[in-house]
Amino acid sequence: MKVFIIPCHFDNYSYILADETTGDNVIIDPCEGWPILSILLENKLKPGAMLCTHHHHDHIDGLDDIRAEYPGIAVYGHQSDTHRIPGITHPVADGDLVQAGSLSGQVLHTPGHTTGSVVYRFADLLFTGDTLFGAGCGRLFEGSPRQMMESLEKITAGDPAGKLYFGHEYTVTNLRFSMQLEPENKMVLQRYTALVEAGRPSTPSTIGEELMTNPFLRCREPGIITWLKKHDPCRDFPDQESVFTRIREIRNDFS
């Protein structure tokens, strides 16, 4: 399978996943019409479906333009978002299958960023939308810390070599934040340095890479807990959820 990485808007990513043998393909997050249509036309691809990870406008702004070019195209989105993603033809729930010709994937319901956030998994490729980012996670606009923690655990439960394609290019800033929380974590510094020197998109990362450098997946780490206690000496951190919650609060104000 081939993944086309398509920058959109200011820092969004859309994707086209294609079977190079059959030509069957799907669009993940139609953020903008023209960048996606350009790739489709250039590669002589006719998409079989659009897969929406959540309802936020910057992830679905291209729906109408692409539908105009490919009338009747299937649109997937979580069943709770049928009133927020225009024209869903295939409302889905956790564990449902996505089928487009030779491409077969699975839906993971991952509430936290929004109540209807989903991840699409095709073999060892996961398209995470705004739930999991490179070295970060989405803001909790509609869900709870507990929901986001469980969603991140679900996403990263597979093969450490599994590839994660996320919805925004926030990784450099996220890694700077990670270095603040875990200054002794050499893998964070190595990842940051390599990314800055490469000057290219940071997507995809891998499950293993995130487990070693993403603070939202490392809430049990003594170094992070020690840093939080120094930062907030009057606050208790009795469990993993309290650590996660405070990391998310601090990250919201970090730039």
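Two strands pair if DSSP finds at least two bridges between them. In this predicted model, strand β1 (residues 2–8) and strand β2 (residues 12–18) are joined by 7 bridges. The two strands run antiparallel. Across the pair, Pro7 stands opposite Tyr13 of β2. The hairpin of β1 and β2 has 3 residues between the strands. Within this hairpin, His9 adopts a positive phi near 50 degrees. In a regular strand, side chains alternate between the two faces of the sheet.

Tyr13 also belongs to an aromatic cluster. The other members of that cluster are Tyr15, Phe122, Phe127 and Tyr165. Aromatic pairs come to 8. One of them joins Phe216 and Phe244 in an edge-to-face arrangement. The ring centres of Phe216 and Phe244 lie 5.4 Å apart, with 65 degrees between the planes. The planes of an edge-to-face pair are over 60 degrees apart, so the angle of 65 degrees places Phe216 and Phe244 in that class. Phe216 sits in the loop between α7 (207–213) and α8 (222–231), whereas Phe244 belongs to helix α9 (residues 240–252). The contact therefore ties together parts that are 28 residues apart in sequence. Both partners are shielded from solvent: Phe216 is buried at 5% relative accessibility, and Phe244 is buried at 0%. A charged side chain also meets a ring, with Arg251 over the face of Phe177 at 6.0 Å from the ring centre.

Charged pairs were examined next. The whole structure holds 12 salt bridges. Among them, Asp81 pairs with Arg84, with 2.9 Å between the closest N and O atoms. Asp81 is buried, at 0% relative accessibility. Its partner Arg84 is partly exposed, with a relative accessible area of 26%.

A further salt bridge connects Glu209 to Arg191, with the closest N and O atoms 3.5 Å apart. Glu209 lies in helix α7 and Arg191 in helix α6 (residues 186–198), so this bridge ties together parts that are 18 residues apart in sequence. Glu209 is partly exposed, with a relative accessible area of 29%. Arg191 is buried, at 9% relative accessibility.

Helix α9 contributes a salt bridge between Arg246 and Glu249. The closest N and O atoms of this pair are 3.0 Å apart. Arg246 and Glu249 are 3 residues apart in the helix, so about one helical turn separates them. Arg246 is buried, with a relative accessible area of 15%. Glu249 counts as partly exposed at 29% relative accessibility. The two residues also take part in a network of salt bridges that includes Asp232 and Arg235.

Cysteines were then considered. A disulfide is a covalent bond between the sulfur atoms of two cysteines. The search of the whole structure finds 0 disulfides. For Cys31, the closest cysteine sulfur is that of Cys8, at 4.9 Å. That separation is too far for a bond, because a disulfide requires the sulfur atoms to be within 2.5 Å. Cys31 is buried, with a relative accessible area of 0%. Cys219 is likewise in no disulfide. The nearest cysteine sulfur to Cys219 is that of Cys137, 8.8 Å away. Cys219 is buried, with a relative accessible area of 2%.

Technical notes
Residues are numbered from 1 along each chain as its sequence is written. This is a predicted model: local features need pLDDT of at least 70, side-chain atom pairs count only at pLDDT 80 or more; totals for chains, interfaces and linings use all residues. Side-chain values use heavy atoms; hydrogens and water are left out. Rings of Phe, Tyr and Trp (its six-membered ring) pair if their centres lie within 6.5 Å; planes under 30 degrees apart count as stacked, over 60 as edge-to-face and the rest as tilted. Helices (H or I, at least four residues) and strands (E, at least two) are DSSP runs, numbered from the N terminus. Buried means under 20% relative accessible area, exposed over 50%, partly exposed in between (1.4 Å probe, protein chains only). A charge sits over a ring if NZ of Lys or CZ of Arg is within 6 Å of the ring centre and within 35 degrees of the ring normal. A salt bridge is a side-chain nitrogen of Lys or Arg within 4 Å of a carboxyl oxygen of Asp or Glu.
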